[in-house]
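Student: I'd like a close look at one buried spot in this protein and whatever it leads to. Take me through it slowly, starting from a single side chain.

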Amino acid sequence: MRLFRRCTRISILSLLAISVFTPVFLLSFRLKNLNTDASKDFVEDLSILEKSRPEGVQHSRSIQSHLWRPLDEKVKEMKDKVIRAKAYLSFAPPDSNSHFVKEIKLRIKELERAMGDVTKDSGLSRRATQKMKAMDGTLLKASRIYPDCSAMVNTLRAMTYNAEEQLRSQRDQTSFLVQLAARTTPKGLHCLSMQLTTEYFALQSEEREFPNQHKLQDPDLYHFAVFSDNVLACSVVVNTTVSTAKDPEKIVFHIVTDSLNLPAMSMWFLMNPPGKATIQIQSIDSFEWLSIKYNEDQQKQKGLDPRYASVLNHLRFYLPDIFPSVNKIVFLDHDVVVRKDLTRLWHINIKGKVNGAVETCVEGEPSFRRMDMFINFTDPSVATRFDANTCTWAYGMNVFDLQEWRKRNLTALYHKYLELGSKRPLLKAGSLPLGWMTFYKHTHALDKTWHLLGLGYDSGVTRAQIEQAAVIHYDGVMKPWLDIGIQKYKSYWNRHVSYEHPYLQQCNLHE
């Protein structure tokens, strides 16, 4: 009897010791059918992605809150009993079909079915309580059949290890699938581009002209720039900027794309002109001077991630060359939605600086960045030129004083840092760290309500923050036009897409 009580106490203590791993076991139940077959893994992972809505590789706040939310005591007790029952079941021979094995399998099935997805005691039915009592009787019987406590502890430890391995594998696969989805053009968008391209080449040359082209070089107007190959994303940026402006007839939008997407981009805006605003669509191939400079830059970026070495990504460092007659311009990323009049930015005094941007240096915020996260401060040439504690800032919505830019010759400075980075590991891939270095001490901090970050990775962005923001930014991999986008933020983007358009209907593009 003493031995039995002693074993019982040890079993209880063992269960309490592993209770911290309960969330891991909860996820393992969802993955219980996971096997080594690659195709099945991918199908199951995709379904988990859609149901769980992961919010990013490094910012999956909603997933964590879902897995780690506190459970009511009775629900937790039931789950612990299922774990104990499975541990006892593992003691039986693999091919055993004894009365006890049948009974414990039945109790596990009944209790799991009775619990369902309930996480609070208030959601439990009377039937669930009855099934738990039946499980108690079976567990008592099991403790008599298998009185060896050390075997129970070892089995639970092995179950914990296996669950952790499954979770680690699942996270790796989820990360891979999210990154893959972010880099892949959805079939519907590809279809739309093909439709528009076909229509564009059916036009006469005079039908391809946009109106009001005499305004393109007028420095007294409000100039905006977007560099992108995504037709639908550009349409949202342009439409929201124009619709929120007090004087839309004074807006000039400059879109630069690649030669492959130039016909589709042009056709879309010929069919859907931006109201009273003026629009210009250009191809990077039209900048003859750029081909020489960019080929040199590309050679210097051989060690960088190819995703960030595209000409459209680095074209922002040539704004004064692209728009020689423009004195001030607002540069927008294609994954933003404009909610308030941005022409007010022209009336902000950026105090002789070149770049006006929202800062990202508040610790604790999801958008927090430090210079040394992306720039190698162990390099003497960096350590002597820069302060690692200098406040960082974001791309996505920036106001640039091109006159000051030309005076300070910052494009040449960009080339200098690019050259340094090609010789030794100076910075991580991307235009952001190069921007921090190029515009170091040349950036003026804008009020944070001008530019709200995080809708492409952080599910913690509140509705109040969105309502206050002039621009909301879907930075991160979870873009609103992708299936993996954060569902609760998609409506802010979808409402500006003309889903009733015949081409979108034909290409199966819908909310």
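Tutor: Let's start with Phe-287, which is buried, at a relative accessible area of 6%; buried means under 20%, exposed means over 50%, and partly exposed is in between, using a 1.4 Å probe and protein chains only. Before going on, keep in mind that this is a predicted model, where local features need pLDDT of at least 70 and side-chain atom pairs count only at pLDDT 80 or more, while totals for chains, interfaces and linings use all residues. Residues are numbered from 1 along each chain as its sequence is written, and side-chain values use heavy atoms, with hydrogens and water left out.

Phe-287 sits in the loop between β3 and α12 (288–300). These labels come from DSSP runs numbered from the N terminus, with helices being H or I of at least four residues and strands being E of at least two. Leaving out neighbours within four places in sequence, Phe-287 is in contact (heavy atoms within 4.5 Å) with Val-256, Gln-282, Leu-315 and Ile-322. Take Ile-322: it is 35 residues from Phe-287 in sequence, yet the two C-alpha atoms are 7.7 Å apart.

Two of those contacts belong together. Val-256 has Gln-282 as its bridge partner in β3. Strand β2 (residues 251–257) runs parallel to β3, and six bridges join the two; strands count as paired if DSSP finds at least two bridges between them. Add helix α11 (residues 262–271) and you have a right-handed β-α-β unit made of β2, α11 and β3. Right-handed here means that, with the strands pointing away from you, the path from the first strand over the helix to the second runs clockwise.

Now β3 itself (residues 278–283): six of its six residues are buried, so the strand is largely enclosed by the rest of the structure. In a regular strand, side chains alternate between the two faces of the sheet. In β3, Thr-278, Gln-280 and Gln-282 point one way, Ile-279, Ile-281 and Ser-283 point the other way, and all are buried.

Strand β4 (residues 328–332) gives a similar reading: five of its five residues are buried, so β4 too is largely enclosed by the rest of the structure. Lys-328, Val-330 and Leu-332 point one way, Ile-329 and Phe-331 the other, and all of these are buried. β4 pairs in the parallel sense with strand β1 (residues 222–227) over three bridges, where Phe-224 has Val-330 as its partner. With strand β7 (residues 397–401), β4 pairs in the antiparallel sense over five bridges, and Lys-328 is matched there with Asp-401.

Leu-332, in that strand, is worth a pause. Not counting residues up to four places away in sequence, Leu-332 touches ten partners you can click through, including Phe-224, Val-237, Phe-253, Leu-342 and Met-397. Along with Phe-269 and Leu-342, Leu-332 touches the most other members of the largest nonpolar core, which has 66 residues. A nonpolar core is a set of buried Ala, Val, Leu, Ile, Met, Phe, Trp, Tyr and Cys residues joined through side-chain atoms within 4.5 Å. Helix α10 (residues 231–244) gives the most to this core, with eight residues. There's also a second, separate core of 42 residues that includes Ile-375, Phe-377, Phe-400 and Leu-426.

Charged side chains next. The whole structure has 12 salt bridges, a salt bridge being a side-chain nitrogen of Lys or Arg within 4 Å of a carboxyl oxygen of Asp or Glu. One of them joins Lys-81 and Asp-136, 2.7 Å from N to O, and it links distant parts of the chain, with Lys-81 in helix α5 and Asp-136 in helix α7 (residues 126–145), 55 residues apart. Lys-81 is buried at 10% relative accessible area, whereas Asp-136 is partly exposed at 32%. Glu-77 joins these two in a network of salt bridges.

Another salt bridge, between Glu-404 and Arg-408 at 3.3 Å, N to O, stays inside helix α16 (residues 402–408), where the pair is four residues apart, about one turn. Glu-404 counts as buried at 15% relative accessibility, and Arg-408 is partly exposed at 38%.
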